[in-house]
Amino acid sequence: MQLKLASYNIHACIGTDGQFDPFRIAAVINELDADVIALQEVEHHLVNDIDLLDFLAQQTGMIALAGPTMLRESRHYGNAILTRLTPESHQLLDLSLEDNEPRGVIQLSLNIDDHRLLVYATHLGLKPVERRFQVQKILSLFETKTADTTVLMGDLNEWFLWGRPLRWLKAYFDITPAINSFPSFWPFLALDRIWVNPRHHLLNVSAHKTALAKKASDHLPVTADITF
């Protein structure tokens, strides 16, 4: 079995031209042709009289799982997953550190021909102290679940290559390619990551660098092919 995964910070559908264009984001998602996609910065506007995430699901033919981290009176905001595969289960887990922006992770369980795949989709905090706390909490979640393949993907906001969060993740997932994805028009930071355990289930990682992707958001999507 081979699957394609992707992580994409859609920047609330605001492109590098400053325009809100959910149709453009939907088109990039269709370009990815992925089986499971972690989305960050999903702001729940109404588009064509339906919620933005439902609109993206409609435009791509995928199942949508919402993981809002901020519940606003007008619009919720946070993470999401789009998947072509039927979820076995999913749950939202809190990663918030007091006095900082609320953060969370979506835990998605998939059963594919009796192979259990656990996907964790997240968007970590901007401060080093947040990311240290959040990575430790995610790693503790791995210890409570059994899976044949475990995936962590999202915008990790970690630019300190020598920092403890990356060292901890490398210890669990082994060394994994760090692909520059931000800013989309001239990427030099590897903020968006896909990690897979066991490491040999990961075939490759790359950035999706089409002209549309460079314009649709300030992040490029990152994709990975896995096999088991």
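Student: What is the volume of the largest cavity?
Tutor: This is a predicted model. A search of the whole structure finds one cavity of 30 Å³ or more. The volume of the largest cavity is about 50 Å³.

Student: Which strand gives the largest share of the lining of that cavity?
Tutor: The lining includes Tyr77, Gly78 and Asn79. Strand E6 spans residues 77–83. Three lining residues, the largest share, come from strand E6.

Student: How many residues of the lining are nonpolar, polar and charged?
Tutor: Glu41, Glu101 and Arg103 are among the lining residues, and these count as charged. Tyr77 and Pro102 also line the cavity, and they count as nonpolar. The lining divides into two nonpolar, five polar and three charged.

Student: How do the rings of tyrosine 120 and phenylalanine 142 meet?
Tutor: The structure holds seven aromatic pairs. In this one, the centres are 4.9 Å apart and the planes make an angle of 65°. Planes over 60 degrees apart count as edge-to-face, so the pair is edge-to-face.

Student: Which elements does this pair link?
Tutor: The two residues are 22 residues apart, in distant parts of the chain. Tyrosine 120 is in strand E9, and phenylalanine 142 is in helix H3. The pair links strand E9 and helix H3.

Student: Is tyrosine 120 buried or exposed, and what of phenylalanine 142?
Tutor: Buried means under 20% relative accessible area. Tyrosine 120 has 0%, and phenylalanine 142 has 6%. Therefore tyrosine 120 is buried, and phenylalanine 142 is also buried.

Student: Which residue lies over the face of tryptophan 159?
Tutor: The distance to the ring centre is 4.8 Å. The residue over the face is arginine 131.

How values were computed. Residues numbered from 1 in each chain as written. Predicted model: local features only at pLDDT ≥ 70, side-chain atom pairs only at ≥ 80, totals over all residues. Heavy atoms only, no water. Phe/Tyr/Trp six-rings, centres within 6.5 Å; stacked < 30°, edge-to-face > 60°. Helix = DSSP H or I, 4+ residues; strand = E, 2+ residues; numbered from the N terminus. Buried < 20%, exposed > 50% of the residue type's maximum accessible area, 1.4 Å probe, protein only. Lys NZ or Arg CZ within 6 Å of the ring centre and 35° of its normal. 1 Å grid on protein atoms, 1.4 Å probe; cavity = no way out; pocket = protein on both sides within 12 Å on 5 of 7 lines; lining within 4 Å. Points joined across faces, edges and corners; volume = space filled by probe spheres on them.
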